[in-house]
Amino acid sequence: MFQYRKVLEMRSDGFSLRSIRAATGHSRQKITEVIRLAEKKEVTLPLTDEMTDKWLEEFLYPEKTMEGSGYRPIDFEYIHKELGKKNVTLTLLHHEYEVQCRAENAIPYAYRSFIRHYRKYAEQHKATMRIKRKPGEILEVDWAGSTGTLIDRDTGEKVKVYVFVATFPSSQLSYVEGFLSMNLTSWITAHRHAYDYFGGVSEVLVPDNLKTGVQENTRKQLVLNPTYKDMANHYGTFVMPARVKYPKDKASVEGSVRTISTWIIAAMRHTQCFTLKEWNDVAKEKLEEFNHRDFTKREGSRWSAFLEEEKSYLSPLPPTPYQMSEWLTAKVQPDYHISVKSQFYSVPYEYISQQVDVRVTDHLIEVFYNHLRIASHSRLYGKYGRQSTNRDHMPENHKLYTDQTPQNAIAWAKDIGRSTLQVVELILKNAAVERQGVQSIFTLKKVLRKHTKYELEKACQTVLDVTERPTVSLVKTALKNNQKQIKEEQMKKAVDKLTQNHGFTRGASYYGGRLNDE
C-alpha cells in the first residue's frame, strides 16, 4: 500500500521529492499528486495516530470523507519550564494536555506528534531535552570506536575485530557482535542478527552516517544505500539517520558504546581468541552478563526492563530473514536481455533501450523499472553467456519462431487437414537436417496470414497429386494457381448471370409473320 503517512510527514519535515522517493520507493509523480491533494483538502500536519495509510487513502481519493477540525496549540514554554521540575516527564505532561483538551472539547496532538513538536522547539532554543523514549520505537546502531583483537595462529599477528552495537533507548538493552570488516555485508548481517536476538523490530532505525548505510544526508535530501533501504523495507522499519554533528540524536547508543567498550571489549583484553567465532562466543557471554546486571539507580536489569516495558511494542519478525542483495543498473539490449554478472536475463521487449535497476541475491535476479518489478529469474551460474529467457517477454514473431519443433509442426498440421499433415511429414522426412525442415514449415505457416485453412489443405492435395517430394514453393504455387482458377470461375459465373438477366428472343410477328392460331 502507498505510504501516505511517511510521504506527508517527510514533506512536512522539509525533505525534497527526491529524498522522499529514495526513502519510500514510490514514483515522483505519485508523491507529487498525494502532496497536492493533501494541500487541496487541507490535511492537518502533523498527522495523528488515527490517520493511518488506509484512512488517508479514503480521505484523499475520496472513497471516504471525514470532516477535520483544528488541534489545540501546545504551550512549549510551559512544557519546557515544567520539565525542569523533579520527576516531571513528557509522558505526564502529554497526559495532562489530553485531559485539558477533552475538558475543552478540543482535539489533542497524539503523543508522537507532541514529542516531535517539542523536539523542534527545544532544538531552536538549544535546550537539552529530557525525553523518555517511547518503548519499541527506536533502535540505535553504530560501530564501536574501540576494537577487539584476534591472534593469527600462523604468524601470531594481532587482527582487529570491529564491534557492532545496537541499543534500545528505553530499556537500554544492547546487542554486540564482532566482524573482521565494516563493509556492507557485515553491516547488514549485524542488523539481521540483532533483530533475531531482540525477537522483534523497532519502528525506527537510527544509524550513523557511515557510507555503508547512508549515501547522503542533508537538510534537503536523504539518500540511503539501496541494500540498506531494501533491508529496512523487508523488516518494515524506517531508517532515520542521525544528523551530521548531532551525537545527541543517538545518545543511547553512544553511551552504550562507551559502556560496552569497558564491560565487553576491555574485559576481553586478556582473553586469547584465534577465530572470529571464538571471539563472538566470549563476547556473547559478556553481553549476557552486561544485559542481566542490575541497574544502579533503579530496580531490575536491562533484560527485565526490555521484557516488561518494550518487547510487546516491537513489530514481529518477517517469516524469513533478510537475504543479502546487491543493486546494479543495466541497459536493456535490442534482444530484450540484460547482462548481469556475465549472464543474460530477459525482460519484456517493450523496455528495449531503457535503463533498469537489478536486485541480485544468491538465488534470484529481480529487474525493476521506476520501482516496479518487471521481471524475475533464478540466478544463473557457470560458464559465461548462459541465458534465461521468459517466453512472455518475447514479441509475437519471436514466439512463433521459438515454438517451432517437429512435434509442434505435426500438431499444427493435424489441425489443418490430412493432406497438410502428409506434406509436413514429407518435408521433415526429406530435409537434410531437422532444423531446415522445421524452418520450412515455419515459412509454410505464414501462408495462413493471406489464405484460409481450406485453401491450404486444397493446395497441399494438389501438390501431392503430382509429386512425393513436396516443398513450400510448390504449395505456394498451387495456392496461387487455385486462387487464379477461383477468380476465373467467379468471372465466368458473373458473365453468365449478366447474359441470363438481360437477353430476350423476338417472336415471328416481329418479322411480319403470323401467329400459329391465326
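## Briefing: cysteines, a four-stranded sheet and two helix features

At 1% relative accessibility, Cys273 falls under the 20% cut-off and therefore counts as buried. This is a predicted model. Zero disulfides occur in the structure. The points below cover the cysteines, helix α17, an open antiparallel sheet and the crossing of α2 with α3.

**Cysteines**

- Cys460 has a relative accessible area of 0%, so this residue is buried.
- Cys273, at 1%, is buried as well.
- A disulfide is a covalent bond that links the sulfur atoms of two cysteines.
- The count of disulfides here is zero.

**Helix α17**

- Helix α17 covers residues 453–466, which is 14 residues.
- At 1.5 Å a residue, helix α17 should span 20 Å.
- The end C-alpha atoms of α17 lie 21 Å apart, which agrees with that expected span.
- The buried residues of α17 are Glu455, Leu456, Glu457, Ala459, Cys460, Val463 and Leu464.
- An α-helix has 3.6 residues a turn, so residues three or four places apart point the same way.

**Open sheet of four strands**

- The strand order is β8-β11-β12-β13, and the pairing is antiparallel.
- The edge strands are β8 (326–331) and β13 (372–378), each of which pairs on one side only.
- On average, neighbouring strands of this sheet are turned by 25 degrees against each other, direction ignored.
- In a regular strand, side chains alternate between the two faces of the sheet.

**Strand pairs within the sheet**

- β8 and β11 (residues 355–360) run antiparallel and are joined by six bridges.
- Glu326 has Val360 of β11 as its bridge partner.
- β12 (residues 364–369) and β13 also run antiparallel, again with six bridges between them.
- Ile365 stands opposite His377 in β13.
- The hairpin of β12 and β13 has two residues between the strands.
- In that hairpin, Asn370 takes a positive phi near 55 degrees.

**Crossing of α2 and α3**

- Two packed helices are described by the angle between their axes and the distance between the axes.
- Helix α2 covers residues 17–24, and helix α3 covers residues 28–40.
- The axes of α2 and α3 come within 10 Å and cross at roughly 110 degrees.
- That angle lies in the 65 to 115 range, so α2 is roughly perpendicular to α3.
- The crossing of α2 and α3 is right-handed.

How values were computed:
Residues numbered from 1 in each chain as written. Predicted model: local features only at pLDDT ≥ 70, side-chain atom pairs only at ≥ 80, totals over all residues. Heavy atoms only, no water. Disulfide = S-S within 2.5 Å. Buried < 20%, exposed > 50% of the residue type's maximum accessible area, 1.4 Å probe, protein only. Expected span 1.5 Å × (residues − 1). Pairing = 2+ DSSP bridges. Axes fitted to C-alpha atoms, helices over the stretch in contact; angles between N-to-C directions. Parallel < 35°, antiparallel > 145°, perpendicular 65-115°, else oblique. Left-handed = near helix turned anticlockwise from the far one by under 90°.
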